[in-house]
Amino acid sequence: MRILGTGSALPKLTVTNDRLAGFLDTSDEWIATRTGIRERRLLSDETLQSLAETASTRALENAGVAPGEIDFVLVTTVLAETLTPALAMDIQPAVGLKCMGLDLNAGCTGFVAALALAKGMMESGQARRILLVSAEALSRFVDWNDRTTCVLFGDAAAAVVLGEGEGVKAIAFDAEPRREVLCAETPPGNSPFAVDPAPATYLKMAGQEVYKFAVSHSLRDIRAMLDMQGLRPEDVDYYLLHQANLRILEGVRTRLRVDEARFPHDIEFTGNTSSCSVPLLLDVMNRDGRLTPGSRLIFSAFGAGLCTGTAYVEW
Ligand code: UT7
């Protein structure tokens, strides 16, 4: 399987750190120093579905693939606008698709996890061209009174078109189930039979625990992938890490002893966009010409579960 094209879409509203400091006990200095984030894009009058549709259309155009050639759609999202049908079905009329689709949730690891499913589907002959869309709007379920979480996230959609070829070489996962470190709950519903349904919570995160997990596991997983491929750290052109915190990227980069240019980032302008962050950065790099045929890439994502996913890709 290889990546034939990329696309993305961001909400039009840009929210700076200073704007957040207007209603939260926080500052541009704290957010920028601790995370690298300077601003993020947040949904206002558009929908997550419309972002997913635009990202999909752009990816198809970039790939030179007609919508009718897509035979499966995978969407990664923590929470779409509707519970059912899946966002992977709802985007189809606007994008011109007509095929089976389903939504997947593996938190911020979703994109890498879905790549593995797509690869399996292609290798088993189930599909020949797959549209993989990551669409996230964490602004809808973070607590906007909680400065420890709401300042971190942004909304976005990003898509790739996948087809047959030699590109996505290997994908690996790891997991350490620890729900207390990062979770958000759905409302309990109104079943008269449910016993004491617990009230729903907004997203809660033990930031430092996730931070330690992210640095140690990403590093270990990347090293394992390099070993498996017979590569040295400097043989990889770009490491596309989940954009959760610039300090996490730096922690991994310095331990791998590679130069800064190999660890691209756009978190300054997007915040943490969960499963979108890797394909969003990939689209930026595809369009600005940083990716050339044969570029060696490592994708590394981590998040709720907790779980991690690592992929080695030749462009
Ligand atoms: O994609 C999901 C994966 N998520 C992540 O990867 C997140 C990983 N974790 C992190 O990125 C960092 O742990 C955070 C950015 C979340 C927090 O940074 P930190 O350096 O670990 O800060 P901290 O949690 O130790 O908090 C330090 C202080 C605390 O105050 P006290 O107790 O020292 O008085 C916090 O209350 O900073 C305070 N604080 C803030 N201050 C101003 C927490 N959030 C804010 C804020 N503005 N927004």
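Domain bounds here come from an automatic or database domain assignment. In this predicted model, that assignment divides the protein chain into domain 1, covering 2-166, and domain 2, covering 170-314. The centres of the two domains, taken over C-alpha atoms, are separated by 14 Å. The domains also touch: 46 residues of domain 1 are in contact with 39 residues of domain 2.

Stepping back to the whole chain, 10 helices and 13 strands can be counted. The radius of gyration is 19 Å, close to the 20 Å that the globule rule gives for 315 residues, so the protein chain is as compact as a globular protein of that length. Along the principal axes, the C-alpha trace spans about 50 × 45 × 35 Å. Of the 315 residues, 53% count as buried. The contacts tell a story of their own: among those between residues at least 6 apart in sequence, 75% join residues at least 24 apart. On the outside, the chain exposes about 13,700 Å², and carbon and sulfur atoms supply 51% of this area. As for charge, there are 30 positive and 40 negative charges, and their mean positions are 4 Å apart.

With the overall picture in place, individual elements can be visited, beginning with helix α10. This helix runs through residues 277-287. Nine of its 11 residues are buried, so α10 is largely enclosed by the rest of the structure. The buried residues are Ser277, Val278, Pro279, Leu280, Leu281, Leu282, Asp283, Met285 and Asn286. In an α-helix there are 3.6 residues a turn, so residues three or four places apart point the same way. After α10 comes Gly289, with a positive phi near 85 degrees.

Arg290 sits in the loop that leads from α10 to β12 (296-303). Its relative accessibility is 31%; a residue is buried under 20% and exposed over 50%, so Arg290 counts as partly exposed. Leaving aside neighbours within four places in sequence, Arg290 is in contact with Tyr238, Pro264, Val284, Met285 and Ser295. Of these partners, Met285 has already appeared among the buried residues of α10. Ala175 makes a useful landmark for distance: Arg290 and Ala175 are 115 residues apart along the chain, and their C-alpha atoms are separated by 32 Å.

Ala244 occupies the loop between β11 (238-241) and α8. With a relative accessibility of 14%, Ala244 counts as buried. Beyond neighbours within four places in sequence, Ala244 is in contact with Ile267, Asn272 and Phe302. Ala244 and Val210 are 34 residues apart in sequence, and their C-alpha atoms are 10.0 Å apart in space.

Met100 offers a view of a strand, as this residue is found in β5, residues 100-104. Met100 is partly exposed, with a relative accessible area of 47%. Setting aside neighbours within four places in sequence, the contacts of Met100 are Asp71, Phe72, Val73, Met89 and Gln92. Met100 and Val215 are 115 residues apart in sequence and, from C-alpha to C-alpha, 37 Å apart in space.

The backbone holds some details worth a friendly second look. Most residues other than glycine have a negative phi, and most peptide bonds are trans. Against that background, Arg257 has a positive phi of about 60 degrees although it is not a glycine. Arg257 lies in the loop between α8 (246-256) and α9 (267-270), and at 75% relative accessibility it counts as exposed. Ser274 also has a positive phi, near 55 degrees, in a residue other than glycine. The place of Ser274 is the loop between α9 and α10. At 2% relative accessibility, Ser274 counts as buried.

Cis peptide bonds complete the tour. The bond from Thr84 to Pro85 is cis, with omega near 5 degrees. Pro85 is placed in the loop between β4 (72-76) and α4 (87-90). Gly305 and Leu306 are likewise joined by a cis peptide bond, where omega is about -5 degrees. Leu306 is found in the loop between β12 and β13 (307-314).

Key
Residues are numbered from 1 along each chain as its sequence is written. This is a predicted model: local features need pLDDT of at least 70, side-chain atom pairs count only at pLDDT 80 or more; totals for chains, interfaces and linings use all residues. Side-chain values use heavy atoms; hydrogens and water are left out. Helices (H or I, at least four residues) and strands (E, at least two) are DSSP runs, numbered from the N terminus. The radius of gyration is taken over C-alpha atoms; the globule rule is 2.2 Å times the number of residues to the power 0.38. Buried means under 20% relative accessible area, exposed over 50%, partly exposed in between (1.4 Å probe, protein chains only). Contact means heavy atoms within 4.5 Å. Accessible areas come from the Shrake-Rupley method with a 1.4 Å probe; for residues, only the protein chains shown count as cover. Lys and Arg count as positive and Asp and Glu as negative; His and the chain ends are not counted. The place of a charge is taken as NZ of Lys, CZ of Arg, CG of Asp or CD of Glu.
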